[in-house]
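Reader: I am new to reading protein models. Could you take me through one part slowly and then show how it sits among its neighbours?

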Amino acid sequence: QVQFVESGGGLVQPGGSLRLSCTASESIATIFGMYWYRQATGKQRELVALISKTGATSYADSVKDRFTISKDNAKNVVYLQMSSLKREDTAVYYCNALKNVDSSFGPWGQGTQVTVSP
């Protein structure tokens, strides 16, 4: 199964920006969909953004127009550019993938902590 390593998190002030990276253990060029999720303390994991094999994207309403998902197939990396960050964006961010339309998510990585605070 594909494994992922997330990075790029940190402490940022409200209104700031961060770029998260998700490095896959194998090629992502033919993967059906790549996903960013997040989990805040005491809450369930929620979908943030996804990007398909063809580059089509979709976002949760809460991050639309603030976050941008992209990928670099040559580097096997998926990015999440986050701007205009809010306190409610504070969470551990994870990436994962569906290799095919009928597959399941692989194992979850450690994630990367994003903390938005003055």
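In which sense do strand β3 and β8 pair, and over how many bridges? Please start there, then look closely at the charged side chains.

Author: This is a predicted model, so treat every value as computed from it. Strand β3 covers residues 18–24. It pairs with β8 in the antiparallel sense, over 6 bridges. Take one position in that pairing: Arg19 stands opposite Gln81 in β8.

Now widen the view. β3 and β8 belong to an open sheet of 4 strands, in the order β1-β3-β8-β7. The pairing is antiparallel. β1 and β7 stand at the edges. Each has a single partner strand, so one side of each lacks a neighbour in the sheet. On average, neighbouring strands here are turned by 15 degrees against each other, direction ignored. One general point helps when you look at any strand. In a regular strand, side chains alternate between the two faces of the sheet.

Move to the edge strand β1, residues 4–7, and find Glu6. Glu6 is buried, yet it has no salt bridge. The nearest side chain of opposite charge is Arg45, and it is 8.0 Å away. A salt bridge needs a nitrogen and an oxygen within 4 Å. What does the side chain of Glu6 reach instead? One target is the backbone nitrogen of Cys95, at 3.0 Å. Another is the backbone nitrogen of Gly111, also at 3.0 Å. Glu6 has further contacts, too. Among the residues it touches are Ser21, Cys22, Trp36, Tyr93 and Thr112.

Cys95 leads us to the next strand. β9 spans residues 91–98, and 8 of its 8 residues are buried. β4, residues 33–39, is joined to β9 by 7 bridges, and the two run antiparallel. In that pairing, Tyr35 has Asn96 of β9 as its bridge partner. β9 is also joined to β10, residues 112–116. That link has 3 bridges and is antiparallel as well. Here Tyr93 is partnered by Thr112 in β10. Both Tyr93 and Thr112 are touched by Glu6.

Next, the salt bridges. Side chains of opposite charge can pair when their charged atoms come close. The whole structure holds 5 salt bridges. Begin with Arg38. It pairs with Glu46, and the closest N and O atoms are 2.7 Å apart. How covered are these two? Arg38 is buried, with a relative accessible area of 5%. Glu46 is partly exposed, at 36% relative accessibility.

Arg38 has another partner. Its side chain meets that of Asp89 in a salt bridge, 2.9 Å from N to O. This pair links distant parts of the chain. Asp89 sits in the loop between β8 and β9, while Arg38 is in strand β4, 51 residues apart. Asp89 is buried, with a relative accessible area of 0%.

Asp89 also meets Arg66 in a salt bridge, at 2.8 Å from N to O. Arg66 lies in the loop between β6 and β7, and Asp89 in the loop between β8 and β9, so the pair ties together parts that are 23 residues apart in sequence. Arg66 is buried, and so is Asp89. Put the pairs together. Arg38, Glu46, Arg66 and Asp89 form one network, joined by salt bridges that share partners.

Look back at Glu6 with that in mind. Glu6 is buried without a salt bridge, whereas buried Asp89 has one with Arg38 and one with Arg66.

How values were computed. Residues numbered from 1 in each chain as written. Predicted model: local features only at pLDDT ≥ 70, side-chain atom pairs only at ≥ 80, totals over all residues. Heavy atoms only, no water. Buried < 20%, exposed > 50% of the residue type's maximum accessible area, 1.4 Å probe, protein only. Lys, Arg positive; Asp, Glu negative; His and termini not counted. Polar contact = N/O pair within 3.5 Å; in protein donor to acceptor, adjacent residues only side chain to side chain. Contact = heavy atoms within 4.5 Å. Pairing = 2+ DSSP bridges. Axes fitted to C-alpha atoms, helices over the stretch in contact; angles between N-to-C directions. Lists of a residue's contacts leave out its neighbours within four places in sequence.
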